[in-house]
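I opened the notebook with the coordinates on screen and set out to look up the aromatic contacts, then the sheet, then the nonpolar cores.

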Amino acid sequence: MPSLLRHGNLRRYREIAAVLFDEGFEYLAAQAGFSRFVPRLRRRRDLTASVEERARRVLERLGPTFVKIGQLLSTRPDLVPPEFLAELVKLQDDVTPVAFERVRAVIEEDLGAPLTELFAVFDPEPIAAASIGQVHVAVLPDGSDVVVKVQRPGIAAVMRADFDIVHQQAAFAERATHWGRRYGLVENAEEFERVLSGELDYLREARSAERFRENFRGYPGVRVPAVDWERTSRRVLTLERLRGIKVDDVEALRAAGFEPAEIARRGTSAYFKQMFEDGFFHADPHPGNLIVTPEGDLGFTDFGRMGTVSSWMRTRFADLFLALIDRDEREVADLLLEIGVADRETDRQILDSAIARMYARYFESALGEVRISVVAYEVMRVVYEARLRVPSELTLLITTFATLEGVAVALDPEFNVVDAARPFAARVARERFAPANVGRALARSLRHMNRLLMDLPESLNRLMRRAADGELGVEVRPEGFDRIVEQLREMVNRLAFAVVIGAFVVGFSLILRTAELPGWFLWVSGVMLFGAAGIGVWFFLSIFLSMWRARR
């Protein structure tokens with residue numbers, strides 16, 4: 001149990017404990033030290049649902065921070081079993097809108113002017129509301145249509161308090177458990193906080209929208225809204241309003257004269273450009289964030305969740321994609337090991353077996369029938385089974401790829417994302433062998449080699465001085481002794497307890513036998529001896545039960 005619970009968060013601890021108890025996770029509340037906050041008489045919810053579904057309900061009931069963490073975990077197959085991943089993608093982020101007067105107060109406080117001066121028209125009813133912010137439509141004084149995203153008042157403080165709790169529990173689990181250390185829970189908690197803190201900063205989202213717009217400048221068939229910087233702050237984001245039809249409304253698209261198959265082709269091409277060429281991509285391609293404008297362009301909205309991929313990772317992602325569809329099991333395994341973080345528990349044989357099972361289950365069909373979403377799910381299962389920790393940028397790429405396929409297939413059931421992506425991946429894979437890239441790689445390697453050779457004498461000199469001064473040592477970290485130490489501690493405690501009880505009984509027996517004592521003392525002594533006898537019986541019963549459990 002954590003040794004300290006911050007008093008400023010006691011109310012939140014009670015809420016978390018109550019939700020965990022309601023959904024049948026009282027053992028987690030006990031491990032986290034929350035048990036004392038659960039009301040004694042509290043009715044549980046129906047626990048007939050699966051563990052995965054109840055875990056999702058816990059996150060939804062705990063509010064925006066935990067919903068967002070769950071959404072991030074849905075992209076981390078190295079941390080979460082596949083069964084939980086399938087449930088986490090169902091997390092809902094819809095909430096009741098904030099009252100208009102509170103929205104007005106945030107806008108006027110952040111932008112430093114009355115709402116009537118900032119906008120000619122401002123619709124008090126939001127067109128969308130989520131846990132962090134809500135979106136209103138408005139008209140600027142010059143007549144331009146815009147959308148205004150306003151952060152919910154006080155949400156930053158709520159999320160900071162929740163992350164205080166998350167950090168505390170992650171540190172405790174990493175300190176006290178093997179799996180906590182293996183998965184680096186503190187490091188992951190810090191990463192989640194960085195991501196969600198970015199979502200709380202609308203200036204960062206505005207910069208992402210501007211960068212995304214610049215990447216598609218001059219690219220035909222794609223529209224990215226412009227940022228109104230004069231009406232943008234950390235809690236207020238004003239973007240050009242794009243009008244159009246939601247990309248999943250196939251009937252409306254056909255009625256407007258657009259061919260859904262062409263929209264699917266254009267949309268996937270735009271995404272492959274982002275992933276394989278730009279290294280900066282829109283990581284939330286669900287239909288609510290994609291529209292088709294009256295001119296037939298694909299319009300992007302909501303830039304709160306963006307992915308950044310290094311050139312090294314783009315190349316490895318392209319290699320992995322090609323190896324998967326070419327059914328090169330050995331190359332897939334080599335790339336997953338190269339990309340992922342392998343620890344002592346990672347077994348190459350387990351990895352090879354998992355990949356073989358994946359191909360046996362899903363890759364007997366023709367290439368044109370293979371779905372990326374199936375491949376992504378199976379790769380996640382392989383990563384989890386092999387106990388690899390892969391970078392979050394790769395998992396975000398994979399899950400975005402799978403979501404994109406769902407949108408494309410909804411537009412055109414015959415659309416094959418594998419065939420559409422292959423040329424982009426092949427081009428990235430070939431680029432490394434271009435003369436200019438080979439020359440740069442060779443020059444970089446020579447610089448590193450030169451630095452290593454120049455530093456080697458001094459490094460050896462320092463090492464020898466430390467050895468001569470007796471400063472070198474070997475650190476040994478034995479593992480697997482925790483259970484043995486715990487059993488020894490339990491044995492010593494029981495032995496000490498037995499000795500104390502035995503001494504108590506013998507001492508009182510001698511006193512009663514040899515001394516003239518008043519009657520009241522005899523009554524008290526009798527009661528105490530009876531209690532000691534009861535404790536002794538309980539003591540022997542506990543020993544018997546522990547021996548019986550050990551045999552089982």
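How many aromatic pairs does the count come to? I worked on a predicted model throughout, and in it the count comes to 14 aromatic pairs.

**Aromatic pairs**

I looked first at F212 and F216, whose rings form a tilted pair, 5.1 Å centre to centre with 55° between the planes; F212 and F216 are both buried. I then turned to F212 and F303, another tilted pair, for which I noted 5.7 Å centre to centre and 50° between the planes. F212 belongs to helix α11 (residues 202-215), whereas F303 belongs to the loop between β10 and β11 (306-308), so this pair ties together parts that are 91 residues apart in sequence. I checked burial here as well, and both F212 and F303 are buried. Following the ring pairs further, I found that they link F212, F216, Y219, Y271, F300 and F303 into a cluster.

**Charges over rings**

I next looked up where arginines lie over aromatic faces, and noted R231 over the face of F119, at 6.0 Å from the ring centre. I also noted R427, whose charged end sits over the ring of F424, 5.1 Å from its centre.

**The sheet**

Which order do the strands of the open sheet follow? I read it as β5-β10-β9-β7, 4 strands with mixed pairing. The edges are taken by β5 (222-223) and β7 (245-246), each of which has a single partner strand, so one side of each is left without a neighbour in the sheet. I followed β5 to its partner β10 (residues 298-300), with which it pairs in the parallel sense over 2 bridges, and there the bridge partner of V222 is L298. Helix α13 (residues 260-278) packs on this sheet, where it touches β5, β9 (290-292) and β10, and its direction makes about 45° with that of β10.

**Nonpolar cores**

I then asked which residues of the largest nonpolar core touch the most other members. Of its 115 residues, these are F276, F321, L336, I355 and F401. Helix α18 (residues 392-411) gives the largest share of this core, 10 residues. I looked more closely at F321 and, leaving aside residues up to four places away in sequence, found that it touches I372, F401, V418, A421, R422 and A425. My last entry is a second, separate core of 17 residues, with V106, L111, A138 and V148 among them.

Note on methods:
Residues numbered from 1 in each chain as written. Predicted model: local features only at pLDDT ≥ 70, side-chain atom pairs only at ≥ 80, totals over all residues. Heavy atoms only, no water. Pairing = 2+ DSSP bridges. Contact = heavy atoms within 4.5 Å. Axes fitted to C-alpha atoms, helices over the stretch in contact; angles between N-to-C directions. Core = buried A, V, L, I, M, F, W, Y, C linked by side-chain atoms within 4.5 Å. Buried < 20%, exposed > 50% of the residue type's maximum accessible area, 1.4 Å probe, protein only. Phe/Tyr/Trp six-rings, centres within 6.5 Å; stacked < 30°, edge-to-face > 60°. Lys NZ or Arg CZ within 6 Å of the ring centre and 35° of its normal.
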